[in-house]
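Biologist: I'd like to learn how the labels people put on a structure are earned. Can we go through one together?

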Amino acid sequence: MVVIASILAGLYGALTVFAGISQTKGKNIQYWAAISMIIAGLTIIISAVLLIVKVWLSSSLLIIGLVGIHLLAINNGLKVHGKINPTHHIARLVLSVLIAGLAIWGTR
């Protein structure tokens with residue numbers, strides 16, 4: 001379970017970092033929000049590595065990164081579209097719960 005959670009978290013984190021980098025160039029959102037997306041993505045990538053080596057802090061770090069991405073995604077949706085897209089955020093929530101659930105279940 002931990003390996004699957006780590007792979008999913010690593011991919012999700014990498015995609016978030018890539019999105020943050022492209023947003024710094026596109027300037028559609030606030031600069032601080034784009035940089036924060038990069039930081040949240042890197043936090044998730046680091047937690048994925050820590051999950052593999054079984055560091056106790058990994059699940060907490062993962063949850064902090066996932067919550068950060070959700071909050072930033074809401075901010076970015078409001079900034080870019082003037083509203084949030086519920087389907088988009090539900091999909092993010094399902095993915096986050098899956099990743100966190102697998103990580104927590106696998107570390108027990």
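Modeller: Sure, let's start with helix 3 (residues 58–81) and helix 4 (residues 86–107), which pack at about 175° with axes 10 Å apart. This is a predicted model, where local features need pLDDT of at least 70, side-chain atom pairs count only at 80 or more, and totals for chains, interfaces and linings use all residues. Residues are numbered from 1 along each chain as its sequence is written, and side-chain values use heavy atoms, without hydrogens and water.

Biologist: Why is helix 3 called roughly antiparallel to helix 4?

Modeller: Angles run from 0 to 180 degrees between N-to-C directions, along lines fitted to C-alpha atoms over the stretch in contact. Under 35 degrees counts as roughly parallel, over 145 as roughly antiparallel, 65 to 115 as roughly perpendicular and the rest as oblique. The angle here is about 175°, so helix 3 is roughly antiparallel to helix 4.

Biologist: Which residues of helix 3 make the contact?

Modeller: Contact means heavy atoms within 4.5 Å. Among those in helix 3 are Leu 62, Leu 66 and Ile 69.

Biologist: How does the length of helix 3 compare with what is expected?

Modeller: The expected span is 1.5 Å times one less than the number of residues. Helix 3 has 24 residues and reaches 34 Å from first C-alpha to last, close to the expected 34 Å.

Biologist: Which residues of helix 3 are buried?

Modeller: Buried means under 20% relative accessible area, with a 1.4 Å probe and protein chains only. Leu 62, Gly 65 and Leu 66 are among the buried ones. What covers the buried residues of helix 3 includes helix 1, helix 2 and helix 4.

Note on methods
Helix = DSSP H or I, 4+ residues; strand = E, 2+ residues; numbered from the N terminus. Buried < 20%, exposed > 50% of the residue type's maximum accessible area, 1.4 Å probe, protein only.
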